Amino acid sequence: MASYQAFHARSVDEPGPFWSEQARLVDWHAPAAQPLDLSHPPFSRWFVGGLTNLCHNAVDRHLAERGGQPALIHVSTETGTESAYTYAQLHDEVNRMAAVMQALGVRRGDRVLIYMPMIPEAAFAMLACVRIGAIHSVVFGGFASASLATRIDDARPALVVSADAGSRAGKVIAYKPLLDEALHLASHAPASVLLVNRGLAPMSMQEGRDHDYAALRERHAHARIPCVWLESNEPSYILYTSGTTGKPKGVQRDTGGYAVALAASMRHIFCAQAGDVMFTTSDVGWVVGHSYIVYGPLIAGMTTLMYEGTPVRPDGAIWWKLVEQYGVTHMFSAPTAIRVLKKQDPETLRRHDLSTLRTLFLAGEPLDEPTARWIHEAIRKPVVDNYWQTETGWPMLALPRGVEDLPTKFGSPGLPVYGYRLKIVDEQTGEPCPPGRKGVVALEAPLPPGCMSTIWGDDERYVSTYWSGFPGKLLYSSFDWGIQDEDGYVTILGRTDDVINVAGHRLGTREIEESVSSHPDIAEVAVVGVQDALKGQVAMAFAIARSADRAATPEGRMQLEGEVMQTVERRLGAVARPARVFFVNALPKTRSGKLLRRAIQAIAEGRDPGDLTTIEDAGALRQLKDAMFPPA
Ligand code: ATP
Ligand code: MG
C-alpha cells in the first residue's frame with residue numbers, strides 16, 4: 001500500500017495529473033482537453049472539454065458486464081413492500097422516465113424539481129434528468145409548502161415530479177396538497193407536474209398540468225433515449241442548503257468532476273468494489289442521498305439499498321435484518337440515527353448475521369464518543385466518521401483506507417482528504433493555526449472535482465458567501481470550527497454560523513426566526529438550538545410580544561406560544577417547530593446590534609455564557625435566564 005501522506009501531497013501539488021488519473025475511473029465520450037481551468041478564481045473548472053454523462057456512468061456502462069446484477073433494492077417498512085431492479089431493469093425504467101419527461105417537453109438545461117418520498121421512482125427521475133441533460137433539484141419530501149415554494153421560484157423548473165404521499169412511522173403525509181399549496185404560493189408556474197400514485201392518499205389532478213406517471217409510463221414501454229453527452233462543467237443538479245440567511249443557497253454541481261470524485265471516493269475512502277452492496281440510510285433529499293444512495297454506488301457498479309422507514313419499526317433489528325437479507329457490505333448512516341437505536345438492547349442488533357458487513361460509515365454531525373462506542377460494541381464492526389458538506393458533495397475529512405490502513409481516533413473524522421487543501425485558519429487573519437489551536441476549517445483554491453461550481457444563478461453570492469471571509473486571501477470558508485493535532489487529524493468543534501440539527505434535519509435559525517416573526521403578535525425573536533438527548537438538538541425561541549398584554553399572564557403566554565408553534569409548523573414543517581417559546585422584554589445583543597446567539601444558547605443549555613464584553617444590555621441575559629428557569 002502507498003503512503004497516504006504522499007498520495008495527498010501529490011493530489012494537491014500536481015492536481016492536473018493526479019485527477020487525470022482518477023478520471024480513468026469513469027467513461028468519457030470525449031477526453032478532456034485540459035484537466036483544470038483556474039483562469040477565473042475562485043471558480044475551478046475540471047476536465048474542460050471532456051464529454052460525459054452521469055446516467056451513462058451509473059447505469060449504461062454496467063449493462064454488458066452486470067446487466068443481471070441487482071442495481072437498486074427498495075425496501076419500505078411503511079408500506080410493507082420490497083422490490084429489486086437489476087441494472088437492465090433500472091436501465092429500462094430510467095429510459096421510460098426519460099421518455100415521459102421528453103414527452104412533457106423537458107429539454108437539456110431545463111430544471112426538474114423532484115419532491116418525492118423514498119421510492120425507486122425518485123432515483124429513476126434523478127437518473128432520467130441527467131440522462132437527457134436536464135438539471136434536477138430534489139427537495140426533501142418533509143418540507144412544508146412555503147419552503148418548497150421558495151425553491152420552485154429559485155430553480156424555475158419546467159417540470160415537478162412528485163407523488164401522492166410519503167409515510168413516516170406509520171403516518172401518511174399527503175404530498176399533493178402540500179405541492180398544490182406551494183404552486184399556489186410560488187410565482188413561477190411549471191408547465192407540468194408528474195405524479196406517482198402509490199395509492200396512499202387521494203389526489204386532485206389539475207387538467208392539462210398534472211399527469212399520472214403510471215399511464216405515461218405504459219405509453220413508453222421499450223423506450224430508448226440516448227444519453228446526452230455533456231461538457232464536464234455543465235450542471236447536473238441543484239441542491240438547496242437549509243439556508244441560515246433565510247434565502248436557501250442553491251448548490252450547483254457539475255457533471256464530469258462529480259462523476260470522477262464519487263468514483264474515486266468509492267475506491268479510496270469507502271473501499272468498495274463493483275458487486276458490493278451499499279445501504280445508505282439517508283434520504284435522497286440530502287446530499288448524502290445524492291452521492292451515496294444514488295450516484296456513488298451505481299457509478300461503482302454496486303447494489304444500492306434504498307429504505308423508506310425508521311430504524312426502529314417494526315423493531316430495532318430492522319436495518320440489521322436487511323444487512324443479513326441483502327448481504328450489505330457497506331453501511332452509511334448518521335449519528336442521530338444511532339442515538340435512536342441506542343434505546344435498544346444491543347442484542348437486538350446482533351440477532352442477525354452481520355458477517356457480510358465490513359464498515360459502518362457515519363457523517364452529518366459530530367460523532368460523540370459514547371455513541372461511537374455503543375454502536376461499535378453492538379455490531380462489532382469498524383465505525384468510521386467522515387466530514388463534509390452539501391457544498392463539497394463528498395468527504396473532505398476521512399480515513400482513506402483504500403490508500404493506507406489508517407488508525408481511527410475517536411472524536412475525529414480523520415485527515416484532510418486527497419484533493420482538498422484543507423487548513424485550520426485564524427478566524428480574523430486566515431493564517432494557518434498551529435496544531436492544537438482552534439480555527440476555522442478552510443479550503444484553499446482550487447476546490448477538488450465534485451465540489452459546488454457556484455450558487456445557482458448567483459456567482460456573486462457564491463464568491464461573497466464562501467470566498468470573502470478572509471480579506472486578501474483566497475480561502476473557502478466551511479463555517480465550521482476545527483482543531484488539528486500533531487498527526488494531522490482534525491476534530492470539528494461546531495459551526496461558526498447557526499444551524500439547528502433536529503434529528504438530522506438541518507434548519508437555519510434565521511429561517512425559523514423569520515417564520516416566528518410572521519405571527520402578527522411577535523415583535524422580535526431569537527431562535528437557538530439546544531442540546532437534546534434524542535434529537536441531537538431542538539429549536540428554542542425567545543420572543544418579544546408586540547403588546548405586553550398578551551404575554552403578561554401565564555394563560556396568555558401559553559396561548560401565544562401555541563399559536564407561534566403552529567405558525568412555524570405551517571410554514572416550515574413540524575421538525576422546525578420550537579420545543580418552547582419563552583417571552584422576554586429584551587434580547588441580548590452586541591453593540592453593533594447583532595444577536596448574541598452563542599450566549600443565548602449557552603444560557604439555554606445551562607452553561608456559562610462566556611465572554612460578554614460586547615453585550616449592550618446585560619439585563620437582557622438575566623431576563624432570559626429567569627424566563628427559562630423561573631426564580632423560586
Ligand atoms: P446550511 O449550509 O444551509 O447551513 P448545513 O450546513 O446544515 O446547511 P449540510 O451541508 O448537510 O447542511 O451539513 C454540513 C455540515 O454538517 C458541516 O458543515 C458540519 O457543520 C456538519 N457535519 C457534517 N459531517 C460532520 C462530521 N462528521 N462531524 C462534525 N460535523 C459534521
Ligand atoms: Mg452549511
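Trainee: How many salt bridges does the structure hold?

Mentor: The structure holds 33 salt bridges. Please keep in mind that this is a predicted model.

Trainee: Which residue forms a salt bridge with Arg224, and how far apart are the closest N and O atoms?

Mentor: The partner of Arg224 is Asp92, and their closest N and O atoms lie 3.4 Å apart. This pair links distant parts of the chain, 132 residues apart. Arg224 sits in the loop between helix H9 (213-219) and strand E13 (230-231), whereas Asp92 belongs to helix H5 (residues 87-103).

Trainee: Is Asp92 buried or exposed? And what about Arg224?

Mentor: Asp92 has a relative accessible area of 18%, so it counts as buried, the limit being under 20%. Arg224 is partly exposed, at 48% relative accessibility.

Trainee: Which residues are linked with these two in a network of salt bridges?

Mentor: The network links Asp92 and Arg224 with Glu93, Arg96, Arg217 and Glu218.

Trainee: Why can such side chains pair at all?

Mentor: Opposite charges can pair when the charged atoms of the side chains come close.

Trainee: Where in the chain do Arg350 and Glu347 lie?

Mentor: Both belong to helix H14 (residues 346-350), and because they are three residues apart, about one helical turn separates them. Their side chains meet in a salt bridge, with an N to O distance of 2.6 Å.

Trainee: Why would three places along a helix suit a pair?

Mentor: An α-helix has 3.6 residues a turn, so residues three or four places apart point the same way.

Trainee: What is the relative accessible area of Arg350, and what is the relative accessibility of Glu347?

Mentor: Arg350 has 24% and is partly exposed. Glu347 is also partly exposed, at 45%.

Trainee: What about Arg209 and Asp210: are they buried or exposed?

Mentor: Arg209 and Asp210 are both buried. They form a salt bridge in which the closest N and O atoms are 2.7 Å apart.

Trainee: A change of topic: which residues of helix H1 are buried?

Mentor: In H1, which spans residues 4-13, the buried residues are Tyr4, Phe7, His8, Ser11 and Val12. They lie on the same side of H1, because they cover an arc of only 120° around the axis.

Trainee: What do the buried residues of H1 pack against?

Mentor: They pack against two helices, H2 (15-22) and H10 (256-268), and against strands E22 (415-416) and E23 (421-425).

Trainee: Which exposed residues does the face turned away from the buried side carry?

Mentor: That face of H1 carries Gln5 and Asp13, which are exposed.

Trainee: Now to empty space. How many cavities of 30 Å³ or more does the structure hold?

Mentor: There are five cavities of 30 Å³ or more. The largest has a volume of about 70 Å³.

Trainee: What lines the largest cavity?

Mentor: Its lining consists of Leu367, Ala372, Val383, Val384, Asp385, Thr408, Lys409, Phe410, Gly411 and Ser412. Strand E20 (residues 383-385) supplies the largest share, three residues. By class, the lining of this cavity has five nonpolar, three polar and two charged residues.

Trainee: And the second largest cavity: how much space lies in it?

Mentor: The second largest cavity holds about 50 Å³ of space. It is lined by 11 residues, of which Phe143, Arg151, Tyr240, Gly285 and Trp286 are the closest to its centre.

Trainee: How do the residues of that lining divide?

Mentor: The lining of the second largest cavity divides into seven nonpolar residues, three polar and one charged.

Notes:
Residues numbered from 1 in each chain as written. Chains lettered and ligands numbered in written order. Predicted model: local features only at pLDDT ≥ 70, side-chain atom pairs only at ≥ 80, totals over all residues. Heavy atoms only, no water. Buried < 20%, exposed > 50% of the residue type's maximum accessible area, 1.4 Å probe, protein only. Helix = DSSP H or I, 4+ residues; strand = E, 2+ residues; numbered from the N terminus. Arc of directions from axis to C-beta. Contact = heavy atoms within 4.5 Å. Salt bridge = Lys/Arg side-chain N within 4 Å of Asp/Glu carboxyl O. 1 Å grid on protein atoms, 1.4 Å probe; cavity = no way out; pocket = protein on both sides within 12 Å on 5 of 7 lines; lining within 4 Å. Points joined across faces, edges and corners; volume = space filled by probe spheres on them. Nonpolar A, V, L, I, M, F, W, Y, C, P; charged D, E, K, R; others polar.
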